[in-house]
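Colleague: I should be grateful for a close look at a single part of this model, namely its charged pairing. Please set that part in the context of the chain as a whole.

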Amino acid sequence: AAADPVTMAPGVLETGTWCNEHMLHERLDIIEEKVIKTVEHLESEVKSLLNIISETTVNIPTVPGTPLIDIFDGQY
């Protein structure tokens, strides 16, 4: 009769499971760090774009009495 693998090599399965979980957590930590850096980079890019848009719209000459135009035309 075949012996139970746990009784043949005590601790092997537990160690293997712990090792796999440890490697998984390390990879998740790396992914989390990359996601955080990407989000920070995107936030910085959005702020830069908003500053550029703000500076550009301030410098647009307007003729007195010209109605403001809603660029979204009320769709949003």
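Modeller: A residue is called exposed when its relative accessible area is over 50%, buried when that area is under 20%, and partly exposed in between. The model is a predicted one, and the account below should be read accordingly.

K37 has a relative accessibility of 51% and therefore counts as exposed. Its partner is E33: the two residues form a salt bridge in which the closest N and O atoms lie 3.3 Å apart. E33, at 45% relative accessibility, falls below the cut-off of 50% and so counts as partly exposed. In general, side chains of opposite charge can pair when their charged atoms come close. The positions in sequence also bear on this pair: K37 and E33 are four residues apart in helix 2, which means that about one helical turn separates them. The structure holds one salt bridge.

Helix 2 spans residues 12-58 and also contains I31. With a relative accessibility of 46%, I31 is classed as partly exposed because this value lies between the two cut-offs. I31 belongs to a nonpolar surface patch, together with L24, L28, V35 and V39. The accessible area of these residues together is about 430 Å².

As for the wider setting, the protein chain has two helices and zero strands. Of its 76 residues, 0% are buried. The chain exposes about 7500 Å², and carbon and sulfur atoms supply 65% of that area.

Confidence should be considered as well. The average pLDDT of the protein chain is 77, with 59% of the residues scoring at least 70. Over residues 4-8 the pLDDT is below 50, and this stretch has two contacts in the model beyond near neighbours in sequence.

Conventions. Residues are numbered from 1 along each chain as its sequence is written. This is a predicted model: local features need pLDDT of at least 70, side-chain atom pairs count only at pLDDT 80 or more; totals for chains, interfaces and linings use all residues. Side-chain values use heavy atoms; hydrogens and water are left out. Patches are made of residues with over 30% relative accessible area and no salt bridge: like charges are joined within 9 Å, nonpolar side chains (Val, Leu, Ile, Met, Phe, Trp, Tyr) within 5 Å. Accessible areas come from the Shrake-Rupley method with a 1.4 Å probe; for residues, only the protein chains shown count as cover. A salt bridge is a side-chain nitrogen of Lys or Arg within 4 Å of a carboxyl oxygen of Asp or Glu. Buried means under 20% relative accessible area, exposed over 50%, partly exposed in between (1.4 Å probe, protein chains only). pLDDT is the predictor's confidence in each residue, from 0 to 100. Contact means heavy atoms within 4.5 Å.
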